[in-house]
Amino acid sequence: MNMELGISMFGDLQIAANGHIQSPAQRLPELLEEVKLMDEVGLDYFGIGEHHRGDYAVSSPEIILAAAAAVTKNIKLGSAVSVLSSADPVKLYQNFATVDLLSQGRAELMAGRGSFIESFPLFGYDLADYAALFEEKLDLLLKINEQARISWTGKFRAPLVDQEVLPRAVNDKLPIWIAVGGTPESVLRAARLGLPLMMAIIGGAPQHFQPLFDLYKEQYQASGHAMEDFQVGIHAHSFFGENGKQTADNYFPLYAAQMDRIGKSRGWPTYQRSQFDFGRSTHGALVIGDANETAEKILQFQESFGLTRFAAHLDVGGPSHADIMKAIEIYGTQVAPQVRAALAK
């Protein structure tokens, strides 16, 4: 049984206790060093998210991925996610096809609706059209991915009349994943379309997501898609260290501060150490600790959900570059070999 092991990031900027925010000019070169190390230690996948906020460094994943293509050789390079609802599918395909050409076929596009809403007013879209935008733009993106020359009409974009979309990806088609946060409608859409599914599990008890994984597989098969093409993954907040307790103690303040920054605008209560400790337990969603603890947790997820990909989301709260580099090294040289050896048995 095979499962890809990768890392996703949002390009979190470090925020000091006095409120000073690290500059993107410092963070972005660090990010490229981190991706280069992921490739060197043999990880399978890197994904970078799209945000339009002051606490994240990356608004255009494809630009970061193009730079990463030049410093890596084997690792797959994808978005995590591209906010399709507020993007132009034509330009999005062209950008990722260009990354695919630069990386010699290693690019992927992961489409989602995003967990923040800043891109909607920024690009002139109405949040009242939240669902309709995604459905229409996904339809156009998939049609472009299937054929170079296209005629198409929709509500939110000018029509295309026998228009050729260039350049084309290496194999003419890009791998396109759908990222979901846990809504059955999104899971069903991905299954019916036969698209790989990435589930974000960032809190609570992962077993609550089991019905969604079952629903996806059932509908995927019912829709006539071949199981040899079946791909499903999860994105989980993660961090790796030499000592589990010390890693947790050191990381908790950064993690809690980020949860509280986001929670302040969403009405969440203050994040507690008890939540963090539950998350690290066998019943929780956090993959934070030493190599043995985290390898066991990843294998637990794989056994429960039948995963073909695990994405460790590694930069929540803006850990230092040195700590991220150490975490990548441990993940690639200690955790990944344990997981792969167990799956090979």
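Colleague: Which residue forms a salt bridge with Glu 108?
Modeller: This is a predicted model, in which local features need pLDDT of at least 70, side-chain atom pairs count only at pLDDT 80 or more, and totals for chains, interfaces and linings use all residues. Residues are numbered from 1 along each chain as its sequence is written, and side-chain values use heavy atoms, leaving out hydrogens and water. A salt bridge needs a side-chain nitrogen of Lys or Arg within 4 Å of a carboxyl oxygen of Asp or Glu. For Glu 108 the closest N and O atoms are 2.9 Å apart, and the partner is Arg 309.

Colleague: How many residues apart are Glu 108 and Arg 309?
Modeller: Glu 108 lies in strand β5 and Arg 309 in strand β12 (residues 309-313); helices (H or I, at least four residues) and strands (E, at least two) are DSSP runs, numbered from the N terminus. The pair therefore links distant parts of the chain, the separation being 201 residues.

Colleague: Is Arg 309 buried or exposed?
Modeller: Buried means under 20% relative accessible area, exposed over 50% and partly exposed in between, with a 1.4 Å probe and protein chains only. Glu 108, at 4%, is buried. Arg 309 has 0% relative accessibility, so Arg 309 counts as buried.

Colleague: Which side chain of opposite charge is nearest to Arg 106?
Modeller: Arg 106 lies in the loop between α3 (89-102) and β5 (107-112). A polar atom of its side chain is 3.4 Å from the backbone oxygen of Ala 69. Lys and Arg count as positive, Asp and Glu as negative, and His and the chain ends are not counted. Arg 106 is buried without a salt bridge, and the nearest candidate, 5.1 Å away, is Asp 39.

Colleague: What length is the polar contact between the side chains of Arg 27 and Glu 34?
Modeller: Arg 27 sits in helix α1 (residues 24-40) and is buried at 2% relative accessibility. A polar contact is a pair of N or O atoms within 3.5 Å; within protein, one must be able to donate a hydrogen and the other to accept it, and residues adjacent in sequence count only if both atoms are side-chain atoms. For Arg 27 and Glu 34 the value is 2.8 Å.

Colleague: Which helix gives the most to the largest nonpolar core?
Modeller: Such a core is a set of buried Ala, Val, Leu, Ile, Met, Phe, Trp, Tyr and Cys residues joined through side-chain atoms within 4.5 Å. The largest has 96 residues, and Ile 328 and Tyr 331 are among those touching the most other members. With nine residues, the leading contributor is helix α11.
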